[in-house]
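User: Please take a close look with me at a single part of this model. I would like one connected account of it.
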Amino acid sequence: MRQILENRWLSIAIRLVLGALFIYSAWPKIADPPGFAQMLSNYRLLPDGWVNPMALVLPWLEMVAGISLIAGIMRRGAALWIAVLLVVFIGALSINIARDVGVDCGCFSVAASQKSHAELIASMKLDIARDFGMLLMALLTLFSPIAWKKPPGASLRGACASD
Amino acid sequence: MSAAARRTHLAQSSSLFSCAWVPSPGMTYCPRTRLLYCTARDGEGMSWQKIARETGLILVVAALLGAASNIFRSESHKLAWIKAGALATKAVARPVPEAERAVSTKSPDTGALFAEITAEEAYRMYGSGALFLDARRTSAYEAGHIAGARSVPVWEHDAGVRIDVLQRDGVSLEKDLVIYCFGAACEDSARLAEKLALAGFYKLSVYKEGFPDWEKRGWPVIQGAKP
């Protein structure tokens, strides 16, 4: 397990895939903020005054975090944001499933679908499963031992401290 | 070996890539020599503090990009900063005399802002000259709308302005208004009704089944940006 987690190429692959997914999902929201604002308000979770600012910033947050992950710049911060966002998405979907309100996910598209209530609930459950998968990827990137662990025998002293 | 010497050693090692991986932006580890090299400024190790700084920076960048993109966007894709139309619509709600309200409101007992009407009622009101308002997005309006309906896309930033224009065009507050969007699942009509009520209109009806139903029944529909 450790071996797998410390595999450099695997961690790079995870970063690239996760980053690409977030850029892909951010694009339609950036292209059409009023459409995304409508999606957000359908969730009936945010106070009215918060919907529009969120609709403006959230997609760019996904975009910037996605680009950071792929470019490898500030990738821990990006991974943390992505993990937080995914937890929020999972929560928002779960609350609406719990109160039996069918909403369009608005995850990868902001066009209102013409789905029936049952179809909406079913696809929301799928969306949650997918979000959990992505959350796992984000956590792997965030906690990847490659960036945290001081390798055994490696000496930090004298290398970074005395320059 | 001094730090400078280590850095030199690292720079000279023929295959940096095969030797080293990067545990954090400031450091490079070489398994062969089992040494961790400093390749950047001091104190650039990875810590929660640093991650917190990164998340803050990412948020600031995203907020700036969001704001900037909203400034330079085309009209139909702009978003009001706080609430669609909230800044433009001055709340000019005037008190409606009790007697008048009782006559005009279609559901006086519920005290609702608007009455929900069926397709037949909507069609009857269409015949008797009620003004239809389309709450959907501009693109949907242009693709096809009830003939004569005016576009007030409630999610776009100038919804408030369009309501003001309505009044400037001489639509009186007593005018019968029928609001619709794309069907029973959309709440844009209710949202628009709220704004209209704030502006002082009080004969508000929402045609719940909306445009798809109207179109299906073969009633007058036209395309384009004009009512």
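What phi does B:Gly200 take just after α8(B)?

Analyst: Happy to help! This is a predicted model, where local features need pLDDT (the predictor's confidence in each residue, from 0 to 100) of at least 70, side-chain atom pairs count only at pLDDT 80 or more, and totals for chains, interfaces and linings use all residues. Residues are numbered from 1 along each chain as its sequence is written, while chains are lettered from A and ligands numbered from 1 in the order in which they are written.

B:Gly200 takes a positive phi of about 115 degrees, just after α8(B). That helix covers residues 188–199 of chain B, and its end C-alpha atoms lie 17 Å apart, which agrees with the 16 Å that its 12 residues should span at 1.5 Å a residue (1.5 Å times one less than the number of residues). Helices (H or I, at least four residues) and strands (E, at least two) are DSSP runs, numbered from the N terminus.

Buried residues in α8(B) include B:Asp188, B:Arg191, B:Leu192, B:Leu196 and B:Ala199; buried requires 20 or more other C-beta atoms, placed from the backbone, within 10 Å of the residue's own. The buried residues of this helix pack against β5, α7 (159–168), β8 and β9 (204–207) of chain B.

Two of those partners also meet each other: β5(B) (residues 131–134) and β8(B) (residues 177–180) pair in the parallel sense over four bridges (pairing needs at least two DSSP bridges). Here B:Phe132 stands opposite B:Val178. β5(B) is also joined by two bridges to β7(B) (residues 150–151), again parallel, with B:Asp134 opposite B:Ser151.

How values were computed. A residue is buried if 20 or more other C-beta atoms lie within 10 Å of its own, exposed if 12 or fewer, and partly exposed in between; C-beta atoms are placed from the backbone. Two residues are in contact if their C-beta atoms, placed from the backbone, lie within 7 Å.
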